[in-house]
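Me: I should like to examine the reasoning behind several descriptors of a model. Please set each value against its criterion.

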Amino acid sequence: TFYHNANAEVADIDDVTGAFNAISDSRLKKNIQSMKPVLPLLMKLNPSYYQFNWQQQNEQRQIGLLAQEAHKYFPELVSYSKEKDLYKMNYAGFSTVAIKAIQEQQQQIEELKNQNTELKTRLEKLEAAIIKK
């Protein structure tokens, strides 16, 4: 279990599965605001393959984002240590962003399905009118 200031539990690691579980209880949160659309911002990111500078050429490559780039669009998910001059990513936080993007895409899909149904109906009416002539 991990604590903030030695008294407020913030996360734990499950002793059976090894899963990292962050506290997310709504009773412990304030200033809650729904996210604004994220899909256009996600589309600007460049997920990449890379190796760290200390890796050898034949070592496994990594998959991820460049923190400086992600900071432009999702500053809440990037931290910077001035002391170490080092950027770090909260990759787990991107799962929430991905859920929001999926919701946005689903809304777009539903709108397109409705438009498609409407166009099919109009086409059927037009075809029926042509056949009658």
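The exchange below takes the descriptors in turn.

Reply: The structure is a predicted model.

Me: What makes E6 and E7 a pair of strands?

Reply: Pairing requires at least two bridges between the strands. Strand E6 (residues 78-81) and strand E7 (residues 86-89) have 4 bridges in the antiparallel sense, so the criterion of at least two is met. Within this pairing, Val78 has Met89 of E7 as its bridge partner. The hairpin has 4 residues between the strands, and Asp85 takes a positive phi near 50 degrees there.

Me: How do you know what a compact globule of 133 residues would have as its radius of gyration, and what does the chain have?

Reply: The globule rule is 2.2 Å times the number of residues to the power 0.38. For 133 residues a radius near 14 Å would be found in a compact globule, but the chain has 24 Å; the chain therefore does not match the compact globule of that rule. Along the principal axes, its C-alpha atoms fill a box of roughly 80 × 45 × 35 Å.

Me: What makes a residue of the chain count as buried, and what percentage of the 133 residues do so?

Reply: A residue counts as buried if its relative accessible area is under 20%. Such residues make up 15% of the 133 residues. The chain exposes about 11800 Å², of which carbon and sulfur atoms supply 53%.

Me: Which pattern do the helices and strands follow along the sequence?

Reply: The chain has 3 helices and 7 strands, in the order β-β-β-α-β-β-α-β-β-α.

Notes. Residues numbered from 1 in each chain as written. Predicted model: local features only at pLDDT ≥ 70, side-chain atom pairs only at ≥ 80, totals over all residues. Heavy atoms only, no water. Helix = DSSP H or I, 4+ residues; strand = E, 2+ residues; numbered from the N terminus. Buried < 20%, exposed > 50% of the residue type's maximum accessible area, 1.4 Å probe, protein only. Areas by Shrake-Rupley, 256 points an atom, 1.4 Å probe, with all protein chains shown as cover.
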